[in-house]
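Student: I have a model open and want to work through it with you. Can we take it piece by piece, with the reasoning spelled out?

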Amino acid sequence: QYEIQRAAGEGFNLSYDWFGRSSRPANSALTQHFAQVLEQNGLIEERTSKQVYSVDDGRFLPDRYVEGTCPTCGFEKARGDQCDNCGRLLDPVDLIDPYSSVSGSKNIEIRDTNHLYLLQTQMQDKIRDWVNSKGAQWPGLAVSIANKWLDEGLIARAITRDLSWGVPVLDADGNPRPGYEDKVFYVWFDAPIEYIAATQEWAEATGN
Ligand SMILES: [Zn+2]
């Protein structure tokens with residue numbers, strides 16, 4: 001298997017020089033930097049949303065981890081995002097007798113939770129200009145996917161979530177951001193940054 005992978009890589013003129021991980025300090029530091037610069041430029045906003053909290057599990061639950069009775073068809077194992085019986089799209093607060101699918105506990109409540117949102121809406125025109133200026137060098141599929149997203153309209157998207165595992169949310173002094181002690185960056189935000197952080201680690205280790 002290793003030989004197959006290596007041969008495939010060599011076919012694309014790739015070599016394997018550095019094994020990085022997004023959990024390393026370099027990625028955490030660079031992720032803080034990106035978030036702080038975005039915030040200084042007015043592209044990050046704190047918003048409050050309502051989310052299901054499981055008291056017995058001690059955690060917020062993603063929509064699909066909440067189950068209960070469908071208000072439309074009475075199916076008893078409808079998920080918080082959708083009823084698999086009648087196909088209706090649901091909000092977890094719509095469910096009758098909701099329970100946590102993690103533990104089965106019915107001791108759940110709706111709580112406010114704050115998160116940082118990346119205001120991609122404000123970057124719509126700049127990103128379209130950039131895609132138009134660079135797209136000629138990209139594969140056609142990449143250009144059409146990028147334009148599809150832009151045509152549908154970019155939305156503000158949460159870059160943090162209620163989870164214990166991941167890159168912590170820190171302030172400029174390196175302390176936990178108040179109110180974000182039990183939150184981390186969403187992996188979609190920090191994982192692409194890891195490519196840059198891993199390159200930084202490689203450059204520092206090899207003197208390149
Ligand atoms: Zn249903």
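Student: Where does arginine 177 lie?
Tutor: This is a predicted model. Strand 8 covers 160–162 and strand 9 covers 183–185. Arginine 177 lies in the loop between strand 8 and strand 9.

Student: Is arginine 177 buried or exposed?
Tutor: Its relative accessible area is 18%. Buried means under 20%. Therefore arginine 177 counts as buried.

Student: Which residues does arginine 177 touch?
Tutor: Leave out residues up to four places away in sequence. Two of the contacts carry a carboxylate in the glutamate side chain, Glu39 and Glu46. The full set is Glu39, Glu46, Leu116, Val169, Leu170 and Asp171.

Student: With which residue does arginine 177 form a salt bridge?
Tutor: Side chains of opposite charge can pair when their charged atoms come close. The cut-off here is a nitrogen within 4 Å of a carboxyl oxygen. For arginine 177 the closest N and O atoms are 3.9 Å apart, and the partner is glutamate 46.

Student: How many residues apart are arginine 177 and glutamate 46?
Tutor: The pair links distant parts of the chain. Arginine 177 is in the loop between strand 8 and strand 9, while glutamate 46 is in strand 1. They are 131 residues apart.

Student: Is glutamate 46 buried, exposed or partly exposed?
Tutor: Buried is under 20% and exposed is over 50%. Glutamate 46 has a relative accessible area of 42%. So glutamate 46 is partly exposed.

Student: In what order do the strands of the 4-strand sheet run?
Tutor: Take the pairs in turn. Strand 1 (residues 44–54) joins strand 2 by 2 bridges. Strand 1 also pairs with strand 6 (residues 108–118) over 11 bridges, and 2 bridges join strand 6 to strand 7. The sheet is open and antiparallel, in the order 2-1-6-7.

Student: Which strands stand at the edges of that sheet, and why is one side of each left without a neighbour?
Tutor: Each edge strand has a single partner strand, so one side has no neighbour in the sheet. The two are strand 2 (59–60) and strand 7 (157–158).

Student: Which residue in strand 6 stands opposite glutamine 51?
Tutor: Other pairs in this sheet can be named too: serine 54 stands opposite arginine 59 in strand 2. Leucine 118 has arginine 157 in strand 7 as its bridge partner. Opposite glutamine 51 stands arginine 111.

Student: What is the distance between the closest N and O atoms of arginine 111 and glutamate 109?
Tutor: The two residues form a salt bridge. Arginine 111 is partly exposed at 32% relative accessible area, and glutamate 109 is partly exposed at 35%. Their closest N and O atoms are 2.9 Å apart.

Student: Which strands stand at the edges of the 3-strand sheet?
Tutor: The sheet is open and antiparallel, in the order 4-3-5. Strand 3 (residues 66–69) pairs with strand 5 (residues 96–100) over 3 bridges, and 2 bridges join strand 3 to strand 4 (residues 78–79). Each edge strand has a single partner strand, so one side of each lacks a neighbour: these are strand 4 and strand 5.

Student: Which residue in strand 4 is the bridge partner of glutamate 67?
Tutor: On the strand 5 side, threonine 69 stands opposite isoleucine 96, and valine 66 stands opposite serine 100. For glutamate 67, the partner in strand 4 is arginine 79.

Student: Which residues are linked with Glu3 in a network of salt bridges?
Tutor: Glutamate 3 and arginine 6 both lie in helix 1 (residues 2–11), 3 residues apart, about one turn of the helix. Their side chains meet in a salt bridge at 3.3 Å, N to O. Glutamate 3 is partly exposed at 48%, and arginine 6 is partly exposed at 34%. Linked with Glu3 in the network are Arg6 and Glu10.

Student: How many salt bridges does the structure hold?
Tutor: Those discussed include arginine 177 with glutamate 46 and arginine 111 with glutamate 109. The structure holds 15.

Student: Which residues form a nonpolar patch on the surface?
Tutor: One member, phenylalanine 34, lies in helix 2 (residues 25–40). Phenylalanine 34 is partly exposed at 31% relative accessible area. The patch has about 330 Å² of accessible area together, and its residues are Phe34, Tyr195 and Ile196.

Key. Residues numbered from 1 in each chain as written. Predicted model: local features only at pLDDT ≥ 70, side-chain atom pairs only at ≥ 80, totals over all residues. Heavy atoms only, no water. Pairing = 2+ DSSP bridges. Patch = residues over 30% accessible without salt bridge, like charges linked within 9 Å, V, L, I, M, F, W, Y side chains within 5 Å. Areas by Shrake-Rupley, 256 points an atom, 1.4 Å probe, with all protein chains shown as cover. Buried < 20%, exposed > 50% of the residue type's maximum accessible area, 1.4 Å probe, protein only. Contact = heavy atoms within 4.5 Å.
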